Amino acid sequence: MIVSKFGGTSVGSAENIEKVIEIAKQKKDKVAVVVSALGGVTNQLILASELSVQTDPGYEEIVNELENRHKRAVKELLQGDFREAALQYIEETLNELKMILQGVSLLSDLSGKSAARIVSTGEVLSSYLITMAMKQQGLNAALKDSRELIRTDDAFQNAQVDYEFTYSRIGDFFSSTEADIIVLPGFIASNERGETTTLGRGGSDFTAALIANGANAESLEIWTDVSGMYTANPKLVRQAKPIESISYQEAMELSHFGAKVLYPPTVQPALDKGIDILIKNTMEPEAAGTRITERDKVNGSLIKGISHIEDIALLTLEGNGMVGVPGISSRLFGALADEQINVKFITQASSEHSICLAIDADDTELAKKAVDHEFEFEILKKRVDPIVVEKHLAIIALVGDQMKSHQGISGKMFSELGHNNVNIRAIAQGSSERNISAVIREEDVKKALNVLHASFFEAQIKQLNLFIVGIGNVGGKLLDQIGSQQKFLIEKKNMQLRVIGIANSRKMLFHEEGIPLDNWKELLEAQGEASDLDSFYSKMSDLNMRNSVFIDNTANEKVTELYARCLRESIAVVACNKIACSSAFENYEELKGLSRKYQAPFLFETNVGAGLPVIDTLHNLIASGDQIHEIQAVLSGSLNFIFNNFVGERSFYEVVKQAGEEGYTEPDPRIDLSGVDVARKILILMRESGIRAELEDIENQSFLPEESLQAETVSDFMEALKATAAHFENLRKEADQAGCKLKYVASFKDDKAEVGLQHILPDHPFYNLDGKDNIVLFYTDRYKEQPLIIKGAGAGAEVTASGIFGDIIRTGNL
C-alpha cells in the first residue's frame with residue numbers, strides 16, 4: 001500500500017484536484033489519500049474564530065466566502081446527483097460552523113475545543129469533495145474520517161497521539177477495507193470521548209505518516225508544489241536544486257531549520273518502520289522529487305542542504321557568578337520551559353561565564369521577563385547580568401551526515417561567510433557533526449545562503465556582482481568587453497560577471513538578476529532613476545550581494561568618498577580614478593588598511609599605466625624581496641601623443657586640439673598639460689614602493705608659459721596656446737638642435753621625485769617611444785645595469801577599460 005498526502009496548494013482548485021485524482025488513478029496498489037484543506041482555507045478559519053471571539057461580525061463574511069469557494073469547486077468538478085449531494089453536504093457543514101462561531105461570539109470566549117472544531121472544517125470539506133469527484137469517475141474510492149482512527153489526548157489544538165491505540169485502529173481498518181482508494185482528512189483526530197482535536201502545524205503530513213506506519217505502507221508520498229527538498233530555498237538561491245536522496249536524520253535537520261516542505265514530526269513514524277518518504281510535485285508528477293530513506297541507501301554527497309530560520313532573537317546570560325555553579329543551565333531552561341518557550345539553538349563557552357541561546361523573536365519579551373525573574377537575586381547581587389537580547393537575527397545551518405568524516409567543513413563555511421562580510425554572532429555544532437549552525441544578521445541571510453551554496457554545491461564558478469559608476473567613454477568600453485567575454489570567463493576561468501548597477505551623472509539603474517549588456521543604454525534611459533551617489537551606495541549595500549565589486553570609472557572626488565564605506569562592507573573596489581591614491585597619505589593608508597582588515601581587494605592598476613601591468617609588476621618585485629632604487633617613466637599617453645605629433649609645421653595648439661578630439665586628453669586638457677596627472681602617477685608608484693610621500697613633495701617643472709597657466713577656462717587656455725605659439729616652437733627647436741626628442745618624464749630616485757619636459761637622446765629607451773605609448777623603467781637590486789622595462793599603450797578608452805577589466809578578474813582570484 002502507498003500513502004499519498006496532498007497539501008493545500010495541491011488541492012487548491014478544481015484543476016489541481018483533477019491532477020490529484022489522476023495521480024491516485026496511476027497507483028497499481030491500494031492507496032490512502034490524505035488531504036489538507038483547500039489552499040488558504042485554514043488561515044481563513046483561524047481568522048473567523050479570532051473575529052468571532054471579538055464579537056466582530058466579519059466572521060460571517062468569511063464563512064460566506066468559504067461557502068462560495070467550495071460551491072464553485074463542486075460545480076466545476078461534479079455533475080448530477082454527485083453535485084447535489086456535495087452542495088447539500090457543504091451547506092450542512094458550514095451551517096454547523098456558523099453555529100459554533102455564533103456561540104463563540106455570544107460568549108466572547110474561544111475554548112480549545114471550539115477552536116479545534118472550527119479549524120477542522122477545511123479538511124472535512126476537502127476530503128468529502130475529493131472523494132465524490134473520484135466516485136463520479138467510477139473509481140473504487142471511500143471516505144474515512146481520520147477522527148475514527150487517530151486518538152489523542154485532550155490538548156485539542158496541538159494534541160499528543162496515543163500511538164499504540166492509533167496504530168492498532170489503522171491496521172484493523174486497512175486490513176479490512178475493500179476500497180482501492182481511501183480518502184482521509186489530514187490534520188484532525190479525536191480524543192477518548194470522540195471530541196475533535198488537531199495535530200498542530202504540519203498536521204496533515206503527520207496524519208499521513210501515522211497512516212503509513214499503522215498500515216505498514218511501502219512508501220509515504222508527500223505531494224506539494226515543489227519538486228522535492230532543495231539544497232537551499234529556491235526563492236532565495238536561484239541555483240538551488242532538488243536533493244535526489246537524503247537520510248531520515250538529514251531530513252529532520254533540514255525541516256527543523258526551515259525547509260518547509262516537510263514538518264519534522266512527520267519523519268519519526270516513517271523512521272520507526274523504515275518506510276521511505278517521497279517528496280513530489282503535484283504540478284510536475286513526472287519529476288523525480290526527493291527520497292527520504294535509511295542512511296545506508298543514500299548517495300554519499302558531503303553536504304545535503306543549507307537551511308535557515310528567520311525572526312530569531314539571541315539571548316545571552318552571563319556573569320562571574322555562573323562559573324562553577326551547578327544548576328544554572330537547569331534554571332535557565334526551566335524558566336523558559338515554564339512559559340512554553342522553545343529553544344532553537346544553544347551554545348556555551350567552556351569558561352562557563354555565559355550561555356547563549358536562540359528563540360523565536362515573538363517570545364523575546366516573555367523570555368526576558370521569565371529569566372530575569374528566575375535570576376532576580378543573582379542580578380541584584382551583581383553575580384549575573386540581566387539577560388541581553390539581540391533581535392533581527394537568523395540561524396543558518398549546513399546539514400549532512402557525511403560531514404563528520406571530512407575535515408575543514410566548518411573552516412570553509414566560516415571563511416566564505418567572513419570573506420563576504422557576514423558577521424557570525426554564535427556557533428553551534430552537535431557531536432554527531434550532522435549540523436553546523438550559526439546565528440547571523442537577518443539581512444545577511446540571502447547573501448549567506450548564496451555564498452555557501454556556491455561553495456558547497458555549484459561547480460566552482462565564482463560569481464562577481466559589479467556596480468559601475470562612470471559609463472561614458474571608458475565605462476562604455478568596459479561594459480562592451482564584459483559582455484563579449486562572459487562565455488569565455490565561465491568556460492575557461494570559472495567566473496561569472498553580472499553587472500547589477502550602473503550610473504552616470506544623470507541616471508542610475510539596478511537589476512538584481514543582472515543588467516542585459518546588449519541594450520543597457522536603452523534600459524538606463526527608459527528605466528533609470530535620478531542619479532545620486534548616496535542612493536547608489538545605499539542600494540548596493542541593501543542588495544547585500546556576495547562578491548560585490550564597486551568600480552569607479554570617473555575622475556570625480558565625490559565618488560572616491562565611497563571607497564572606505566565599500567571596503568568596510570567587504571565590497572571590493574576597482575578604480576581608474578587617481579584621486580584617492582594620490583590624496584593625503586593618511587587617506588591612502590586608511591584605504592589600504594581597510595582592504596586588508598576586511599579582506600576586500602582595493603585595486604587601481606589603471607591609475608598609472610592604463611592597461612599596462614605597472615603596479616602589479618612593482619608588487620611582484622617587492623613581494624619577491626627586490627628593492628626599488630630608481631624609477632624613470634613616461635606616464636602620460638596624452639603628452640607622449642602630443643609631443644610625438646608636435647613636428648614639422650604643426651602648431652602646438654593644433655596638436656593639443658587633435659589629442660582632445662581623438663580622446664587622448666581629458667575634456668579639460670589643462671589636467672594633462674599641467675603635469676599634475678603625471679605627478680599623481682609617480683606619487684602612487686612611490687607609495688606602492690613603500691615611500692611615505694605627498695603630492696607636494698614632487699617637483700613639477702611646468703613647460704607651460706605663465707599666460708596659459710593663468711587661463712580660467714578651457715577656451716581661454718586654448719586661446720593662450722595660440723597666443724604663445726612662439727614659446728612652444730622654441731622648445732621644439734632647442735630639442736631638434738640638440739638631436740633630441742621632447743618627452744614628459746617622471747623620475748624617482750633617492751626618495752625624491754620630479755616631473756617635467758626633458759631632452760631625450762637617441763640611445764635612451766624613451767627616444768623611440770611612439771604614439772600614445774607609456775614606458776616605465778625599474779632599477780632594482782636585480783635590475784641594476786639594464787632596467788626592467790614595461791612598455792605599451794598608455795592612453796585610450798579601450799586599453800584603460802581592459803586594465804579595469806583585468807583588475808575586476810583579479811578580485812575574483814584573490
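## Helices α2 and α3

In this predicted model, helix α2 (residues 41-53) packs against helix α3 (residues 58-77) at an angle of about 155°, and the two axes are 8 Å apart. Because angles over 145 degrees count as roughly antiparallel, α2 is roughly antiparallel to α3. The crossing of these two helices is left-handed.

On the α2 side, the contact is formed by Val-41, Gln-44, Leu-45, Leu-47, Ala-48, Leu-51 and Ser-52. Their counterparts in α3 are Gly-58, Tyr-59, Ile-62, Glu-65, Leu-66, Arg-69 and His-70. By character, the residues of the contact between α2 and α3 comprise eight nonpolar, four polar and two charged.

## The surroundings of Leu-77

Helix α3 also contains Leu-77. With a relative accessible area of 6%, Leu-77 is buried, since buried means under 20%.

Leu-77 touches Ala-14, Ile-17, Glu-18, Leu-129 and Gln-136, when residues up to four places away in sequence are not counted. A further spatial relation links Leu-77 with Ala-133: the two are 56 residues apart in sequence, and their C-alpha atoms are 6.4 Å apart in space.

## Helices α23 and α27

Another helix pair consists of α23 (residues 614-623) and α27 (residues 676-688), which pack at an angle of about 20° with axes 10 Å apart. As angles under 35 degrees count as roughly parallel, α23 is roughly parallel to α27. The crossing of α23 and α27 is right-handed.

To this contact, α23 contributes Val-614, Ile-615, Leu-618, His-619 and Ile-622, while α27 contributes Ile-684, Leu-685 and Glu-688. Six of the residues in the contact of α23 with α27 are nonpolar, one is polar and one is charged.

## The seven-stranded sheet and helix α16

The model also holds an open sheet of seven strands with mixed pairing, arranged in the order β20-β19-β18-β17-β21-β22-β23. The edges are occupied by β20 (529-530) and β23 (602-603); each has a single partner strand, so one side of each lacks a neighbour in the sheet.

Within the sheet, strand β17 (residues 462-469) runs parallel to strand β21 (residues 548-552), and five bridges join the two. Ile-468 has Ile-551 of β21 as its bridge partner. Helix α16 (residues 473-493) lies across β17, β18 (495-503) and β21, and runs at about 160° to β18.

How values were computed: Residues are numbered from 1 along each chain as its sequence is written. This is a predicted model: local features need pLDDT of at least 70, side-chain atom pairs count only at pLDDT 80 or more; totals for chains, interfaces and linings use all residues. Side-chain values use heavy atoms; hydrogens and water are left out. Axes are lines fitted to C-alpha atoms, for helices over the stretch in contact, and angles run from 0 to 180 degrees between N-to-C directions. Helices (H or I, at least four residues) and strands (E, at least two) are DSSP runs, numbered from the N terminus. Angles under 35 degrees count as roughly parallel, over 145 as roughly antiparallel, 65 to 115 as roughly perpendicular and the rest as oblique. A crossing is left-handed if the near helix is turned anticlockwise from the far one by less than a right angle, and right-handed if clockwise. Contact means heavy atoms within 4.5 Å. Ala, Val, Leu, Ile, Met, Phe, Trp, Tyr, Cys and Pro count as nonpolar, Asp, Glu, Lys and Arg as charged, and the others, Gly among them, as polar. Buried means under 20% relative accessible area, exposed over 50%, partly exposed in between (1.4 Å probe, protein chains only). Two strands pair if DSSP finds at least two bridges between them.
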